[in-house]
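Student: I have a new model open in my viewer, and I would like to talk it through from the overall fold down to single side chains. Could you take my questions one at a time?

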Amino acid sequence: MVLELDVMLDKKSLGRFLLFHNYARVSGILGVVISAAAVVALALRWGGWSGTQKGILIILALLFTVLQPMILLAKGKRQLQQEEFKLPFHYVFEDKGITISQKEEKQQFPWEGIRKVVYHRDAIYVYMSAVSAFILPRSQCDGKFGQLTDFMKEHVKK
């Protein structure tokens, strides 16, 4: 079987991926815990902190819950302004692997070269390395999302 898709990455899909990628790791979870601890410390001992201490705790509270997500979303927006994201990527999924093309450029990835695949309700993230992934949003799959998910699960045994 062969599945073909044209994917034009959008701000919403890339933003969701960037947030997931950052907050699904230990460092992201630790950041949220630090922010939550700062909020709890502020709430429990508001009168016991000096102005400087309150300022530091407020910054810590906002750092991983407000500021970092805003920075990530801005990074995604800048990334989408790059030339390679202004045209759709053409994906071909077949038994030997995945072929991705755009204009004259073409790359092939055997199934064995895929590090991991993360299945979400709204997208599939195909990691080729620890930090880079192909994003396949459900909205871009032309009704083939379930079929693609099954096909990927059959071929990626990790």
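Student: How many helices and strands does the chain have?

Tutor: Happy to start there, and keep in mind that this is a predicted model. Read from the N terminus, the elements run β-α-α-α-β-β-β-β-β-β-α. In total, the chain has 4 helices and 7 strands.

Student: What radius of gyration does the chain have, set against a compact globule of 158 residues?

Tutor: Along the principal axes, the C-alpha atoms fill a box of roughly 65 × 35 × 25 Å. A compact globule of 158 residues would have a radius of gyration near 15 Å. For this chain, the value is 20 Å.

Student: Which share of the residues is buried?

Tutor: Here a cut-off helps: a residue is buried if its relative accessible area is under 20%. The chain exposes about 9,600 Å², and carbon and sulfur atoms supply 60% of that area. Of the 158 residues, the buried ones make up 39%.

Student: How far apart are the mean positions of the positive and negative charges?

Tutor: There are 21 positive and 14 negative charges in the chain. Taking the mean position of each set, the two points are apart by 14 Å.

Student: Let's go to helix α3. Where in space is Leu80 relative to Thr52, C-alpha to C-alpha?

Tutor: Leu80 belongs to helix α3, which covers residues 51–80. In sequence, Leu80 and Thr52 are 28 residues apart. Their C-alpha atoms are separated in space by 39 Å.

Student: Is Leu80 buried or exposed?

Tutor: Leaving out residues up to four places away in sequence, Leu80 touches Leu9, Asp10, Lys11, Leu14, Phe85 and Lys86. Its relative accessible area is 15%. That value is under the 20% limit, so Leu80 counts as buried.

Student: And which residues does Ser101 touch, not counting residues up to four places away in sequence?

Tutor: Ser101 sits in strand β3, residues 97–102. With a relative accessible area of 18%, Ser101 is buried. Its contacts beyond those sequence neighbours are Pro88, Phe89, His90 and Lys106.

Student: Now the rings. How many aromatic pairs does the count come to?

Tutor: Two rings pair if their centres lie within 6.5 Å. By this rule, the count comes to 8 aromatic pairs.

Student: Why is the pair of Phe85 and Phe89 edge-to-face?

Tutor: The ring centres of Phe85 and Phe89 are 5.9 Å apart. Phe85 is buried at 14% relative accessible area, and Phe89 is buried at 18%. Edge-to-face requires planes over 60 degrees apart, and the Phe85 and Phe89 planes meet that because their angle is 70 degrees.

Student: What about Trp111 and Phe151: at how many degrees are their planes?

Tutor: Their ring centres are 6.0 Å apart, and the pair is edge-to-face. The angle between the planes is 65 degrees.

Student: Which parts of the chain does that pair link?

Tutor: Both partners are buried, Trp111 at 5% relative accessibility and Phe151 at 2%. The two residues are 40 apart in sequence, so the pair links distant parts of the chain. Those parts are the loop between β4 (105–110) and β5 (116–119), which holds Trp111, and helix α4 (residues 145–155), which holds Phe151.

Student: One last thing: which residues do ring pairs link into a cluster?

Tutor: This cluster is held in the list of ring pairs by two Phe and two Tyr residues. Its members are Phe17, Phe20, Tyr125 and Tyr127.

Notes: Residues numbered from 1 in each chain as written. Predicted model: local features only at pLDDT ≥ 70, side-chain atom pairs only at ≥ 80, totals over all residues. Heavy atoms only, no water. Rg over C-alpha atoms; globule rule 2.2 N^0.38 Å. Buried < 20%, exposed > 50% of the residue type's maximum accessible area, 1.4 Å probe, protein only. Areas by Shrake-Rupley, 256 points an atom, 1.4 Å probe, with all protein chains shown as cover. Lys, Arg positive; Asp, Glu negative; His and termini not counted. Charge placed at Lys NZ, Arg CZ, Asp CG, Glu CD. Contact = heavy atoms within 4.5 Å. Phe/Tyr/Trp six-rings, centres within 6.5 Å; stacked < 30°, edge-to-face > 60°.
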